[in-house]
Amino acid sequence: MSGQNTVTPSAKSLIEAAKAAKARGTPPLEKWNPEFCGDLDMQIKRDGTWFYQGTPIGRIEMVKLFASILWREGDDYFLKTPVEKVGITVEDAPFVAVDFEVEGAGEAQQLRFLTNLGDVAEAGPEHPIRVVRDEETGEPAPYVLVRRNLEALIDRKSFYRLVDLGAHRDGWFGVWSGGEFFGIIPSEDLPQES
């Protein structure tokens with residue numbers, strides 16, 4: 001034994017650490033560098049529902065608490081406290097953008113997204129929008145960066161509203177927000193009206 005305490009990951013220990021950190025404001029996850037403690041049986045589904053040991057977490061405040069300590073490294077997601085770092089599974093993106101507001105128009109347009117957990121992200125240089133197209137079906141999957149390097153999948157109804165705001169620029173069809181143009185699809189790939 002090295003003399004260090006072995007930490008066994010559990011939802012209870014994470015909850016206590018997250019509550020303590022949140023009481024002092026936004027948890028400074030970038031300053032914490034705990035050892036990896038293993039994986040926790042926690043999953044975030046594509047629709048934004050959080051599961052623990054196969055059961056949906058029904059208390060939104062509990063989900064928000066876990067989300068406050070969510071960390072991403074490459075394609076891996078973790079819940080991180082000063083003393084623990086546990087892996088969780090994220091099916092697509094950890095958040096879902098369920099709505100957005102529009103101010104202004106054209107290049108002066110500002111899009112403000114709201115997530116399923118109440119986060120707000122104003123699309124622009126610090127919160128870019130990106131669209132990934134399925135190679136087989138061409139189906140778009142739109143995302144907006146919410147915080148740190150955590151994204152929200154833009155839900156279907158919001159994406160359709162985005163498309164209604166679309167414009168063409170430099171061979172792309174996309175939207176303006178925060179002084180930036182975000183391409184959705186090459187203009188030449190759009191279906192031609194007959």
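Okay, so before anything else: when I say salt bridge today, I mean a side-chain nitrogen of Lys or Arg within 4 Å of a carboxyl oxygen of Asp or Glu. Keep in mind that what you're looking at is a predicted model. The general idea is familiar: side chains of opposite charge can pair when their charged atoms come close.

So how many salt bridges turn up in the whole structure? A search finds 14. Let me walk you through a few.

Start with Asp 75. Its side chain meets that of Arg 72 in a salt bridge, at 3.7 Å from N to O. And Asp 75 is exposed, with 68% relative accessible area.

Next, Asp 119 and Arg 147. Here the closest N and O atoms are 3.5 Å apart. Asp 119 sits in the loop between strand E8 and strand E9, while Arg 147 belongs to strand E11, so this salt bridge ties together parts that are 28 residues apart in sequence.

Then there's Arg 156 with Glu 139, another salt bridge, this one at 3.3 Å, N to O. What does that pair tie together? Arg 156 is in helix H3, residues 156-164, and Glu 139 is in the loop between strand E10 and E11, so the link is between parts 17 residues apart in sequence. Is Arg 156 buried or exposed? Exposed, at 52% relative accessibility. Its partner Glu 139 is partly exposed, at 37%.

Last one, and this time we're past simple pairs. Glu 101, Glu 103, Arg 112 and Glu 122 are joined into one network by salt bridges that share partners. Have a look at those four on the screen.

How values were computed:
Residues are numbered from 1 along each chain as its sequence is written. This is a predicted model: local features need pLDDT of at least 70, side-chain atom pairs count only at pLDDT 80 or more; totals for chains, interfaces and linings use all residues. Side-chain values use heavy atoms; hydrogens and water are left out. Buried means under 20% relative accessible area, exposed over 50%, partly exposed in between (1.4 Å probe, protein chains only). Helices (H or I, at least four residues) and strands (E, at least two) are DSSP runs, numbered from the N terminus.
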